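Here are some comments on the model, set out as numbered points for checking against the coordinates. They take up the cysteines, one helix and its surroundings, and the main pocket.

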Amino acid sequence: MYKNIFDTHSHYDDEQFDEDRIELLSSLTGKGVCGVVTCGVDVPTSKANMALAEEYGFMYFAAGFHPENLEGSTLADLAEIEKLAAHKKCVAIGEIGLDYHWMSSTKEVQKAFFKEQILLANRLDMPVIVHDREAHGDTLEILKQTQPKGVLHCFSGSVEMARDVIKIGMYIGLNGVVTFKNARKSLEVVKDIPIDRLVLETDCPYLAPVPHRGKRNDSSYIPHIAEKIGEVLDMPAQEILDITNENAKRLYELNA
């Protein structure tokens with residue numbers, strides 16, 4: 001059995017877990033999972049994830065406004081995120097970023113919230129968890145301007161973009177997508193970046209890796225991701241899990 005599985009990005013408050021959340025979360029440490037960060041997308045979900053992190057010793061949470069969840073909110077609402085960030089188990093401001101696929105808000109609104117949340121994280125000396133969908137240029141420009149620490153989750157950019165993100169001092173988060181047939185770009189990134197800048201994630205309940213694709217995802221499936229990355233790098237999956245566990249603890253400053 002694998003060990004040292006650290007899931008750097010999940011959404012365990014999601015309604016897909018409503019029926020069996022307690023049973024599932026209670027089973028994870030027995031499956032080798034040692035750490036999970038569950039991410040908010042607005043104030044209510046950040047609070048729900050805070051409650052989960054309070055309940056389970058191996059869980060932490062992130063608080064933030066996702067670009068798809070900005071409607072009806074103003075920058076003044078970031079005061080609520082700042083309050084949640086003071087909690088001892090809040091390890092990041094997130095999930096924040098840009099999403100030009102769904103365009104739930106204008107680019108201007110998304111960029112304003114993204115920048116302000118990074119500046120909040122910088123003020124609090126906390127990492128950010130960044131969402132970037134079909135917005136690579138603007139995402140990178142804002143990251144270069146603001147120079148946060150943190151992770152670009154579910155990374156879908158080019159090798160060149162990954163290099164720029166790492167130059168800022170950030171990490172690259174990869175998930176079940178690397179096991180899909182069309183994952184060529186992600187695997188090129190795996191080969192190119194320093195392994196000490198890679199972290200693994202689920203984004204569960206979404207993006208389950210092969211052979212569970214299309215089903216509900218959870219943290220115990222991360223070894224499938226490690227196995228695929230191990231194939232590409234010619235390394236044992238357990239070694240990938242060991243290294244990315246240490247990377248995750250460094251990213252979220254959990255080594256103390």
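1. Cys204 is buried in this predicted model, with a relative accessible area of 0%. Cys204 takes part in no disulfide, and the nearest cysteine sulfur, which belongs to Cys39, lies 9.5 Å away.

2. Cys154 counts as partly exposed, because its relative accessibility is 22% and the buried class ends under 20%. Cys154 is likewise in no disulfide, the nearest cysteine sulfur being that of Cys39 at 12 Å. A search of the whole structure finds zero disulfides.

3. Which residues of helix α6, spanning residues 159-168, are buried? They are Val159, Met161, Ala162, Val165, Ile166 and Ile168. An α-helix has 3.6 residues a turn, so residues three or four places apart point the same way. The cover over the buried residues of α6 includes the strands β5 (128-133), β6 (150-152) and β7 (171-174), together with the helices α5 (136-146) and α7 (184-192). After α6 comes Gly169, whose phi is positive, near 110 degrees.

4. The largest pocket has a volume of about 760 Å³. Its lining comprises 31 residues, of which Glu68, His131, Arg133, Asp203 and Leu207 are the closest to its centre. Two or more lining residues come from each of β4 (90-99), β5 and β7, and β5 gives the most, with three.

5. As to the character of that lining, the residues of the largest pocket divide into 11 nonpolar, 11 polar and nine charged. Strand β5 thus deserves a look from two sides, since β5 helps to cover the buried residues of α6 and also gives three residues to the pocket lining.

Conventions: Residues are numbered from 1 along each chain as its sequence is written. This is a predicted model: local features need pLDDT of at least 70, side-chain atom pairs count only at pLDDT 80 or more; totals for chains, interfaces and linings use all residues. Side-chain values use heavy atoms; hydrogens and water are left out. Buried means under 20% relative accessible area, exposed over 50%, partly exposed in between (1.4 Å probe, protein chains only). Helices (H or I, at least four residues) and strands (E, at least two) are DSSP runs, numbered from the N terminus. Contact means heavy atoms within 4.5 Å. On a 1 Å grid over the protein atoms alone, a cavity is a set of points where a 1.4 Å probe fits but cannot get out, and a pocket is an open set with protein on both sides within 12 Å along at least five of seven lines; lining residues have an atom within 4 Å of a point. Grid points are joined across faces, edges and corners, and a volume is the space filled by probe spheres set on the points. Ala, Val, Leu, Ile, Met, Phe, Trp, Tyr, Cys and Pro count as nonpolar, Asp, Glu, Lys and Arg as charged, and the others, Gly among them, as polar. A disulfide is a pair of cysteine sulfur atoms within 2.5 Å.
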